[in-house]
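Student: Can we go through this one together? I'd like to start with the strands and then move to the charged pairs.

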Amino acid sequence: MTKKKLNVLFITADQWRGDCLGLAGHGVVKTPHTDALAAEGTAFLQHYSAAAPCSPARAAMYTGLWQMNNRGVANGSPLAHRFDNMARAARRAGYRPTLFGYTDISADPRSHAPEDPALKTYEGILPGFEVEQELIGNAAPWRRWLKSLGYGPEVTETPYQLAEQEGERISTAPTGFAAEHSQTAYLTGRLIEWVEEQPSDQPWFAHLSLIHPHPPFGAPAPYNTMYAPEEGPGFAEQEEELAKHPVISLLKRNTRVSDYVPGAEAALDELTEADFRRIRAVYYGLISEVDAQIGRLMDRLKELGVWDNTLVILTSDHGEMMGDHGLLGKGGFFPESQHIPLVMRLPGAPAGQVCEGLTSAIDLMPTLLELWGVEPSNSLDGRSLMPQLQNAGAPPREAVFWEFDFRSNWPAPEGVEPRDYARGSHLLARLGAEALQVRCPNAPDLLFDRKKDPGCTRNVLNDPDYIDLRLKEAEALIADRMRANEQTLCNLRLSDNGATDLFGT
């Protein structure tokens, strides 16, 4: 008898930082439903994005390729049409991959007419997906739904504008819409309706792409005050020399606090610790709101009788600095920007596992391929996580990469060709067990001792006591970077017998 193909539920919650989970031992943030999901599957506690911001992070995750190979370097950078991705692979496996939300993948202009509207937005759809409910940019379908529920223009036109609170720069007032009417609730509801309509004999693949806890940081009651600003750890800081690093200066210069808290007209450096704590309290609340909707979805899938045959993947695209090192948002070289959750629940696999080894967002694509028995149409950089799903102690990666390209915000020196300078306006970070190493052609390199300085507050690159570690890490980065070279056609040879593989595979 043929084994029934699994349903696939792939959930991303944008900008969810990897340590903000109850199951990770955060101590403040409550995520009971995500914890329950992990109790039925495997929690990957050292999982990292491969790039930032949103589009580059998703390009790497969807394709299974490092940024250095997929070349999606910024929001708006086209992703070459030639690359395989998890939606196309799902089609080869017999699914109709269906999207609820967004993918932020910019179309390849070479495969579109010059006036095609697809070339006028970075919020494009990953090739291969069918769109059941799009929710991008101004979230127009959600705002129309709010209007149909009787909300007035003060909510439907500016849903995240918060009431001012006397004496406070950062408002933690509730949004004008109720929790059951949030974007997260709306999109989750649309997915539930769709699942209810699916034929019982047809397996499905659904991608639920949630915007929160991404800013704007405005939460409906009771989530806006679920956490007191005084709760939570202190913020990571850095030594004076590191604080002057040009990438940190760039990130601060490009951060508008009003993008995070509408109406908060302040420069980033003007925010006090109390301000950051108020922002963080609402961020924590948004995480718990997302978690509540995950619980709602899990409950309904169980009621429908499809839970036992559904693979669930819950993750994020990238992390959030949330006041550490005086920063908000994502990008740069600090781990807080790249550390993200990953919980996978595979029917039939061991339950309640915790994987503490390093894993990367690029590992999801090859995991799905192995599960489906489908070959990629180009070489991949990721590694299947199927071994860890069967045994959390399986050998992990020795290190992970992440990249950050800042060419669009990095002016070339006078007399230097901008296009040439752009080639060096990016950084490559390698995170291993001992160190975080950062290489950047147009900015100072960095080295952090992960064991003595897990918060990455002190650059020890030029410390004579770290010469051996510096050399060891530099050699490892060069070797790993060379191994990451694109391999799609490298092992083929053309001869009288046609195209043959050097290794017979």
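Tutor: We take the ground rules, then strand 1, helix 1 and some salt bridges.

Student: What kind of model is this, and how are residues numbered?

Tutor: This is a predicted model, where local features need pLDDT of at least 70, side-chain atom pairs count only at pLDDT 80 or more, and totals for chains, interfaces and linings use all residues. Residues are numbered from 1 along each chain as its sequence is written, and side-chain values use heavy atoms, with hydrogens and water left out.

Student: Strand 1: how many of its residues are buried?

Tutor: Seven of its seven residues are buried, where buried means under 20% relative accessible area, exposed over 50% and partly exposed in between (1.4 Å probe, protein chains only). Strands here are DSSP runs of E with at least two residues, helices are runs of H or I with at least four, and both are numbered from the N terminus.

Student: Which residues point which way?

Tutor: Asn 7, Leu 9, Ile 11 and Ala 13 point one way from strand 1, and Val 8, Phe 10 and Thr 12 point the other way. In a regular strand the side chains alternate between the two faces of the sheet.

Student: Which strands does strand 1 pair with?

Tutor: Six bridges join strand 1 to strand 6, running parallel, and six join strand 1 to strand 5 (residues 205-210), also parallel. Pairing requires that DSSP finds at least two bridges between the strands. Asn 7 has Thr 310 of strand 6 as its bridge partner, while Ala 13 has Leu 210 of strand 5.

Student: Switching to helix 1. Which residues are buried there?

Tutor: Thr 34, Leu 37 and Ala 38 are buried in helix 1 (residues 32-39). They lie on the same side of the helix because they cover an arc of only 100 degrees around the axis, taken from the directions from the helix axis to the C-beta atoms.

Student: Now salt bridges. How many are there?

Tutor: The structure holds 30 salt bridges, each a side-chain nitrogen of Lys or Arg within 4 Å of a carboxyl oxygen of Asp or Glu. One of them joins Arg 17 and Asp 324 (2.8 Å, N to O). That pair links distant parts of the chain, 307 residues apart.

Student: Are Arg 17 and Asp 324 buried or exposed?

Tutor: Both Arg 17 and Asp 324 are buried.

Student: And what about Asp 308 and Arg 345, buried or exposed?

Tutor: Asp 308 is exposed, at 63% relative accessible area, whereas Arg 345 is buried, at 6%. Their side chains meet in a salt bridge (3.8 Å, N to O).
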